[in-house]
Amino acid sequence: GVMTKKSEATEPKWKGSALRLANGVTPEHRASDWFVIRSATRRELHAEENLVEAGFGVYCPRLRSERKVKGRRETVERALFEGYLFAALGVQADGKPQSMKDLLAVDAVSGLVRLSRDRARPVALGDVARVLGWEHAGLFDRTRRGERAALFETGERVRLTGGAFSGFEAVVVDMSPRQRVRLLVDLFGRSTPVEAEALDVRKVA
């Protein structure tokens, strides 16, 4: 499509990944422009910072947990997907579109997930935004034991999108302490109890 150059006043100054997505995506960030980027393990947040500074769309989901240090509890954050984060091509300061070569040149970025040697695997913006929604709901926050968001309600019909029962419909029983969903899956006319990762469960529209 045709790129429209924005004035300095309307160009958003992104401060972080959540802000970038929460405020919407610029017209240049089409759904097919998002990719899964590889970084060295434990350098994901460093890669995210460098990508933001370079003007790319970026989102690194975080897992929050607690640990005891000298008898005191402290909260620690790390990347949810070790060695991976989401990034999108954008537009350079001079109005030229950013390239995959520019992205791969950023420090702490080691590569990207590909469909083939010459083609990167695109990620739909809706999928990136869905993970962001789960993060905001507290799905990846192990420090919020008493206030965990109820992602699924008892009796709700859902569909499994991963694991051994992918494609099957089920009814939610409840959420387990470790953010797994207890379900009753319809198997050959019989309800079978199953536990699944919340990431593998979708609400039936």
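Which side chains meet in a salt bridge at 3.3 Å, N to O? Read on to the third view for the pair. First, some ground rules: this is a predicted model, where local features need pLDDT of at least 70 and side-chain atom pairs count only at pLDDT 80 or more, while totals for chains, interfaces and linings use all residues. Residues are numbered from 1 along each chain as its sequence is written, and side-chain values use heavy atoms, with hydrogens and water left out.

**View 1. Five strands make an open, antiparallel sheet.** The order is β13-β12-β11-β10-β14. Strands here (E, at least two residues) and helices (H or I, at least four) are DSSP runs, numbered from the N terminus, and two strands pair if DSSP finds at least two bridges between them. β13 (190-197) and β14 (201-203) stand at the edges with a single partner strand each, so one side of each has no neighbour in the sheet. From one strand to the next, the twist averages 45 degrees; for such angles, axes are lines fitted to C-alpha atoms (for helices, over the stretch in contact), and values run from 0 to 180 degrees between N-to-C directions.

**View 2. Bridges stitch the neighbouring strands together.** β12 (residues 180-187) is joined to β13 by eight bridges, and L187 stands opposite R190 in β13. Five bridges join β11 to β12, with D174 partnered by R182 in β12. β10 and β11 pair over three bridges, and here R157 has V171 in β11 as its bridge partner. In general, strands of a sheet pair through backbone hydrogen bonds, either parallel or antiparallel.

**View 3. Salt bridges connect β3, β4 and α2.** A salt bridge means a side-chain nitrogen of Lys or Arg within 4 Å of a carboxyl oxygen of Asp or Glu. R62 forms one with E48, the closest N and O atoms being 2.7 Å apart. R62 sits in strand β3 (residues 62-69) and E48 in helix α2 (residues 44-53), 14 residues apart. R62 also forms a salt bridge with E77, at 3.2 Å between the closest N and O atoms. E77 belongs to strand β4 (residues 72-79), so this pair ties together parts 15 residues apart in sequence. And the pair from the opening question is R64 and E77; R64 lies in β3 and E77 in β4, so parts 13 residues apart in sequence are tied together. As for accessibility, E48 is buried at 6% relative accessible area, while R64 at 30% and E77 at 40% are partly exposed (buried is under 20%, exposed over 50%, partly exposed in between, with a 1.4 Å probe and protein chains only).

**View 4. V181 is among the best-connected residues of the largest nonpolar core.** That core has 28 residues, and F86, F152, V158, V181, L183 and V201 have the most contacts inside it. A nonpolar core is a set of buried Ala, Val, Leu, Ile, Met, Phe, Trp, Tyr and Cys residues joined through side-chain atoms within 4.5 Å. Leaving aside neighbours within four places in sequence, V181 is in contact (heavy atoms within 4.5 Å) with residues including F152, V172, V194 and V201. Apart from this core lies another, of 17 residues, among them F56, A87, L89 and A108.

**View 5. A164 lies in a loop.** The loop runs between β10 (157-160) and β11 (169-175), and A164 counts as exposed at 78% relative accessibility.
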